[in-house]
Amino acid sequence: MTCEIADKRLFLCDCSKSMRLDKEKLGKMLHATEDFNIYHQLCSKELGEFENGISGSDAIIACTQEESVFRSLAEDINSNSKFVHINIREHAAWGEQGENAGPKITALLEGAALEVALPDRVTMNSGGRTLVYGRGDVVLDAARQLANRLDVTLLIDQADNMFPPSAPNFKIFGGRIVESSGHLGDFHIGVQDLSAKDPSARSTISFGPSATELTNLQFDLILDLAGAPPLFEGDDRRDGYFRVEPGAPVKIQQALFELVDMVGTFDKPRYISQEQDLCVHGRNRQVGCTRCLDHCPTASIMPIDNVVSVNEYTCAGCGQCASVCPTGSLSYTVPFPSNQCDVFRSLLGKYYEAGGRDPILLLYDDNMAEELLAIGRFGRGFPSNVIPWDVGRITALGLDAILAAITYGSSKVVLATGQIKFEELHALRGHLEILEAINAGLQLEGEAVVFLEGRDPSQLEKKLYQLAESARNSEQKARDKGLRIGSKRDRIWLSFNHLTKIAEVPENPIPLPGGAPFGAVRLDESKCTLCLACVSVCPEGALLDNEHKPQVSFLEKACVQCGLCRVTCPESAISLEPQLDLRSAVQQPRVLAEEEPFDCVRCGKPFGVRSSVEKMVDKLREHSMFKGNPGAIDRIRMCEDCRVVDQFSEKQPFAVGSRPITRTSEDYNEDG
Ligand code: SF4
Ligand code: SF4
């Protein structure tokens with residue numbers, strides 16, 4: 001009666017026979033025993049069987065519609081089983097191609113069965129200290145309503161003609177916010193001209209004398225009705241900060257409704273994990289990579305010395321920083337990127353194994369979940385070769401994950417970006433440009449990655465059917481099956497290596513758009529003095545020296561285009577060139593500049609660069625300290641050790657001669 005995937009008991013239900021599930025075929029695809037069961041009303045009439053079935057085993061429940069029913073039953077019976085729910089109804093079996101959706105259903109169940117690591121949590125405490133900020137009756141009303149449940153302070157930035165409330169149950173001050181920082185439970189506000197309300201004010205609110213200095217105040221929550229620019233970047237993503245236009249009464253009521261419940265302890269995932277050792281932001285006070293700083297919409301990332309630090313409290317979890325981080329110093333945790341690659345491998349591997357062809361991975365998150373459900377409910381349903389998968393946060397997808405999906409055999413990767421703000425697609429658009437350039441460079445047919453834009457389910461459906469059809473008509477490429485292990489860079493190169501097997505590697509590097517994390521370093525040899533400052537600063541070991549001679553060589557595969565070498569080079573001899581060189585030679589260092597060493601004229605030891613020493617000699621020959629002093633000139637041609645020895649062996653013109661022997665009282669006594 002049972003079927004298990006990865007030691008999890010599978011509960012498959014055809015939702016009152018509304019899905020035409022072919023038990024025999026599905027059983028084979030799932031490697032189930034002959035008597036494996038498909039339920040019809042698992043959430044109601046067959047709930048008893050579910051209750052018996054979960055004892056002592058974790059479960060995959062192929063239903064998202066009645067998730068709460070299964071959860072509350074598990075709570076009622078104190079079950080320790082872990083459940084995962086997966087939608088095979090709207091996403092697969094409902095619709096005109098539902099009967100052919102067996103491989104997709106098998107893939108979805110297999111993908112759901114994979115264990116994913118859970119992130120740590122970040123905790124924030126709110127005691128309900130609330131700041132209401134703005135002017136006019138609207139702030140008085142809001143403060144009055146909130147004060148029944150919260151500890152409210154009203155800060156009025158302009159009190160013109162405001163009627164003083166009688167016996168207010170909240171504090172009233174005048175002043176202007178000029179600084180703001182912090183997060184839910186710990187907002188810090190800098191107020192200019194803070195002044196207390198005059199209790200004797202009669203017909204209009206007035207204030208006492210203003211503070212002469214900036215006053216710092218702390219709150220747990222803020223309701224900003226000032227109608228001015230937001231106090232925080234990414235204001236709509238900062239927990240505990242509510243900014244509403246003062247002329248929007250419905251939205252104000254919604255904010256009040258939410259605010260009164262924001263007392264207590266709140267937590268959220270620690271969305272970003274950080275390995276600071278891998279960060280290539282800076283070295284020696286020079287700034288290199290700033291990709292995460294440039295992409296964070298909530299200004300939650302700060303540079304600290306050579307690395308960056310993510311404020312986990314204000315981080316809203318879009319994951320763009322991790323998506324663009326070239327080294328994997330920042331990783332998204334919901335799920336972790338290596339888990340994401342494993343899931344894609346499992347989904348696509350199982351789909352092919354079950355006999356599916358021309359799959360399209362449709363990656364989405366909460367932003368588009370409802371719109372995609374509507375395709376299954378009201379439209380034609382999904383094409384049978386389109387596999388929808390919730391990736392947690394689509395803006396967090398990195399090149400490693402997208403390339404894994406492509407090389408594991410997704411004919412196209414479709415990113416459902418319909419509702420995401422334009423500025424939050426910056427990272428994904430960058431990846432798309434890079435992938436388009438690579439596709440063109442390898443002369444691969446069609447687009448590998450497509451954005452599914454818009455929100456209208458019928459338009460989305462139309463686009464999906466077009467893509468599904470074009471995938472069916474396109475040439476099937478060999479797919480990779482290997483795990484994506486190692487660092488982010490390793491995972492990416494495993495995919496690149498696969499691409500070199502299915503496409504002809506071009507003779508020249510593929511040019512990539514600016515900012516791409518792959519590329520060459522160009523060195524102007526006429527400027528380079530082989531001082532090796534670039535070698536010592538390169539955090540990735542992409543620039544190398546040679547212990548036997550003055551030489552700089554370059555390992556292109558390791559270069560993340562952080563630019564630290566460029567900004568460090570004292571001769572401005574370095575420039576960067578974003579490109580992808582897939583030839584195997586790129587995996588070996590190549591010499592960028594080299595010279596013969598200069599041999600010390602005293603001991604013969606090689607100690608410097610020939611041209612630099614000779615240039616120095618030429619320059620200093622006419623200098624007053626060296627002119628007519630061949631010994632001093634020769635010293636420039638000596639190694640460090642010989643220079644010191646030589647200096648003290650030569651007769652010095654300013655030497656004071658040998659010092660007289662110190663005479664003691666005994667000497668004087670002897671002299672008589
Ligand atoms: S993107 Fe990565 S390597 Fe670059 S500064 Fe941010 S954490 Fe450091
Ligand atoms: S060689 Fe590449 S990785 Fe190394 S410092 Fe230069 S740009 Fe950065």
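Which element supplies the largest share of the lining of the largest pocket? The legends below take up this question first and then turn to other close-up views of this predicted model.

**View 1. The largest pocket and the elements that line it.** The largest share of the lining, five residues, comes from helix α11, which spans residues 366-378. At least two lining residues are also supplied by each of α3 (67-76), β4 (83-85), α4 (89-93), α5 (102-113), α10 (337-353) and β21 (386-390). The lining comprises 44 residues in total, and those that lie nearest the centre of the pocket are V84, H85, V116, W389 and D390. The space within this pocket comes to about 1,400 Å³. Sorted by class, its lining holds 22 nonpolar, nine polar and 13 charged residues, and at least three lining residues are drawn from each of domain 1 (4-85) and domain 4 (338-502).

**View 2. The second largest pocket, with α13 in its lining.** About 540 Å³ of space lies in this pocket, and of the 32 residues that line it, R291, G514, G515, A516 and P517 are the closest to its centre. Helix α13 (426-441) is among the elements that supply at least two lining residues each, together with α8 (291-295), α9 (320-324), α15 (488-502) and strand β28; the largest share, six residues, comes from α13. The class composition of this lining is 15 nonpolar, eleven polar and six charged residues.

**View 3. The surroundings of ligand 1.** The residues around ligand 1 include four cysteines, C279, C289, C292 and C325, and the shell also contains V280, H281, R291, V308, P326, T327, S329 and L330. By class, eight residues of this shell are nonpolar, three are polar and one is charged. R291 therefore appears in two of these views, as a residue around ligand 1 and as one of those closest to the centre of the second largest pocket.**View 4. The surroundings of ligand 2.** Ligand 2 has 15 residues around it, of which C538, C559, C562, G563 and C565 come nearest. Sorted by class, this shell is made up of twelve nonpolar, two polar and one charged residues.

**View 5. An open sheet of three strands, in the order β24-β28-β25.** Pairing in this sheet is antiparallel, and β24 (510-511) and β25 are its edge strands, each of which pairs on one side only. Strand β25 (residues 519-523) and strand β28 (residues 574-580) are joined in the antiparallel sense over five bridges. Within this pairing, A520 has E577 of β28 as its bridge partner, while R522 has S575 of β28. Strand β25 is also mostly covered, with four of its five residues buried.

**View 6. Helix α12, a mostly covered helix.** Helix α12 runs over residues 399-407, and nine of its nine residues are buried. The buried residues are L399, D400, A401, I402, L403, A404, A405, I406 and T407. After the helix comes G409, which has a positive phi near 115°.

Methods:
Residues are numbered from 1 along each chain as its sequence is written. Chains are lettered from A and ligands numbered from 1 in the order in which they are written. This is a predicted model: local features need pLDDT of at least 70, side-chain atom pairs count only at pLDDT 80 or more; totals for chains, interfaces and linings use all residues. Side-chain values use heavy atoms; hydrogens and water are left out. A residue is near a molecule or strand if one of its heavy atoms lies within 4 Å of it. Ala, Val, Leu, Ile, Met, Phe, Trp, Tyr, Cys and Pro count as nonpolar, Asp, Glu, Lys and Arg as charged, and the others, Gly among them, as polar. Buried means under 20% relative accessible area, exposed over 50%, partly exposed in between (1.4 Å probe, protein chains only). Two strands pair if DSSP finds at least two bridges between them. On a 1 Å grid over the protein atoms alone, a cavity is a set of points where a 1.4 Å probe fits but cannot get out, and a pocket is an open set with protein on both sides within 12 Å along at least five of seven lines; lining residues have an atom within 4 Å of a point. Grid points are joined across faces, edges and corners, and a volume is the space filled by probe spheres set on the points. Domain bounds come from an automatic or database domain assignment.
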